[in-house]
Amino acid sequence: MTVDGITRVAVLGAGNMGHGIAEVAALAGYQVTMRDVEQGLVDEGYGNVEWSLQKLAEKERIDESPETVLTRLDTTVDLAEAVTGADLVVEAAPERMDLKREIFAEVEAHTDEGTILASNTSSLSITGIAEAVSDPSRVVGLHFFNPPVKMDLVEVVHGEKTAGSVAEKGAEFVESLGKTPIHVRKDVQGFVVNSILGPFGGEPAWMVSEGEAAIREADAAMVHERGYPMGPFELADLTGIDVGHHVRTEGGIPVPPIAEEKVEAGDLGRKTGRGYYDYEDGDGADYEPEDAGEFDTLRVEARMVNEAAKLVGDGVATPDAVDTGTRLGAGFATGPCRRGDELGLDTVLSKLRELYDETGADRYEPADHLVELVEAGHTGEAAGRGFYEYDTGDGPGPYRLLNYEVADGLLAVELDRPERMNALSADLLDEIADLFQSVDTDEIRCATIEGAGDRAFSAGADIGGFADVEPTDVMDVTPAFEAVNDFPRPVLAKVDGYCLGAGLELALACDLRIATGGSEFGCPEIRLGLIPGGGGTQRLLRILGETRAKELVFRGNRISAERAEDWGLVNRAVPADEFDATVDEFCDDLLSGPPLGLKVAKKVLNEGDDASLAAALAMESQGFGLLMSTDDVVEGTTAFAQDREPEFEGR
Ligand SMILES: C/C=C/C(=O)SCCNC(=O)CCNC(=O)[C@H](O)C(C)(C)COP(=O)(O)OP(=O)(O)OC[C@H]1O[C@@H](n2cnc3c(N)ncnc32)[C@H](O)[C@@H]1OP(=O)(O)O
């Protein structure tokens, strides 16, 4: 899908970011010209796009052949040729203000007034870059994350003079690439994601510098206790300690002594073989869960929440944009606004005040917005309001990890963690349970569940969240699956991609399963030393029989959709282009079917499976008898006699 008014895109730079942006734009259907200053660089970038497209094709992640996509990608070393006639120019040159200004001035000379001029800068001011052109309202930041082909997030950065319509068009363009834009309404240093990553890396570095923590302790606690995808020191080694050092120095932010020492010694991280960890003679980031000790994670998270409060209070971004940005851009399970609401903003504020009083360091000074929220009594989830409002009533939602909508009798549910393959975290499972237990079923005749994105229904329980789970908390069959199983309407799982572990268990708790041909099913739990823990062993046994159930559970292998259909694990496995139509056919029958009949059928089929044949037959007879007295049966039989379609009302 392309955006109205944008047909031709010029990407200036063929390096890591440039060739990635060119690739995703060509994939989305735009006519792209990629330009760099030397033919060798252009050829290298083009080769990288070819390689990446080939990989995507091998994994069946793209519908077109790489050759077809490449027909939309031209290259040149001539800037004027690249940008002439372009509707959008995305500059992805090295991070130097003088260079970017030079490029923008030249681009302006060769483009029409309506051409949008975007910069992929991650650290420079959009307002500053825009000074190079006579009409700065055309200039916007489109900050892609590395690698663009994989990362879902793009920060749409508004310079002081960026026109609202230009930023909106930029965001539409991002959406047309299948990516998620967040608006960064003021071009503050670090935009949103790097602003939050500042204290995530910085505070532990101060704590280690001041002898209050050890490196492994910090990394182990943040990863294994708090569920961050990487430890702060491990992350600094990956991105380069000198990079963080440069950003802080440029932004006038004090540099923690330990980072200073590493840079002076030339130990910059993975790229030099040594940083906070030793990658040449040692085992790299070799921290273990037990290293976490007494590390004060609240001190780090309080600063991250404070930074988020500054962004929100200063009108840079909404809480939702901050949280979406850090989820998609940094892989955080929970963004800092939501985390602040969980911790209690009063707790966060007390921690910051305590540290500020103790040290007098500016970094602990509470943000005005944080103080205002606490003074207004908006202290977070427990108070019903913090950065977000929480519905304390009985109805469903609001939810942050799933989307749902009820329309024309259909409850359509989407698991919304595409960046984690829709892995089922404790919070997402709670939301599923809450929705299926609290949604008003009067208006609903059937439900569907699908995964967001194009990779997975769900790749299972969130492995990142295993570390701080108490065994006793997970030893009951998960309420989410039971809520789906017991939902008094038919539920259909729409499986497009991986359906693994607890994801498969969720699909098994549904009544029907339809899959695209490329989907894969399996119980990888055994490879983690586990067994399916959400009803998988028992439901597989009942659906597949012992032979096949044991094969899946014991071997942990994945099976294709074709085999899943052959085994009776799914109702249909169909080519991707027939998926929606097949789902619609099923849903049409469920939506027009008799609600009471379907409810009783589901109950009798589910419960009869666990009963003796005699008991199950008695259950069936009772159900049959019960239905005989309903208006729907009168309608069904009358419609038959009148040779018309019945119109059931569920009475
Ligand atoms: C009682 C129930 C227990 C369970 O369910 S235990 C969990 C069972 N499930 C699994 O073991 C599956 C784990 N995932 C995988 O094996 C692979 O993934 C896939 C085969 C599904 C896909 O592989 P690829 O195409 O190479 O993608 P990628 O880079 O591994 O995944 C993309 C991002 O998704 C995250 N992710 C995938 N599965 C999970 C998960 N189950 N829990 C948490 N995160 C997950 C990854 O880490 C990564 O994230 P980043 O891009 O930040 O590296």
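In this predicted model, Ala10 belongs to strand β1, which spans residues 8-12. Its relative accessible area is 0%, and because buried denotes a value under 20%, Ala10 counts as buried. Beyond residues up to four places away in sequence, Ala10 touches Thr33, Ala82, Val83, Ala86, Leu88, Val89 and Val90. Glu102 lies 92 residues from Ala10 along the chain, and the C-alpha atoms of the two are separated by 16 Å.

Ala10 also falls within a stretch annotated in a record: an unreviewed UniProt entry places the feature "domain: 3-hydroxyacyl-CoA dehydrogenase NAD binding" at residues 9-187. Over residues 9-187, helix accounts for 41% of the chain and strand for 21%. The end C-alpha atoms of this stretch are 24 Å apart.

Strand β7 comprises residues 153-158. Six of its six residues are buried, so β7 is largely enclosed by the rest of the structure. The side chains alternate in direction: Leu153, Glu155 and Val157 point one way from β7, while Val154, Val156 and His158 point the other way, and all are buried.

Two strands pair with β7. Strand β6 (residues 139-144) runs antiparallel to β7 and is joined to it by five bridges; here Phe144 stands opposite Val154. Strand β8 (residues 180-184) runs parallel to β7, again through five bridges, and Ile182 of β8 is the bridge partner of Glu155. Together with helix α7 (residues 164-176), strands β7 and β8 make a right-handed β-α-β unit.

Further along the chain, Gly273 lies in the loop between α12 (257-265) and α13 (297-313). Despite this loop position, Gly273 is buried, with a relative accessible area of 8%. Leaving aside neighbours within four places in sequence, Gly273 is in contact with Asp278, Tyr279 and Glu280. The C-alpha atoms of Gly273 and Asn194, 79 residues apart along the chain, are separated by 24 Å.

Another sheet can be followed strand by strand. Six strands form an open sheet of mixed pairing, in the order β9-β10-β11-β13-β15-β18. Its edges are β9 (402-407) and β18 (572-574), each of which pairs on one side only. On average, neighbouring strands of this sheet are turned by 15 degrees against each other, direction ignored. Within the sheet, β10 (residues 410-415) and β11 (residues 446-451) pair in the parallel sense over six bridges. Cys446 in β11 is the bridge partner of Leu410.

How values were computed:
Residues numbered from 1 in each chain as written. Predicted model: local features only at pLDDT ≥ 70, side-chain atom pairs only at ≥ 80, totals over all residues. Heavy atoms only, no water. Pairing = 2+ DSSP bridges. Helix = DSSP H or I, 4+ residues; strand = E, 2+ residues; numbered from the N terminus. Axes fitted to C-alpha atoms, helices over the stretch in contact; angles between N-to-C directions. Buried < 20%, exposed > 50% of the residue type's maximum accessible area, 1.4 Å probe, protein only. Contact = heavy atoms within 4.5 Å. UniProt positions renumbered as here; feature names shortened; annotations may be inferred. Right-handed = clockwise from strand over helix to strand, strands pointing away.
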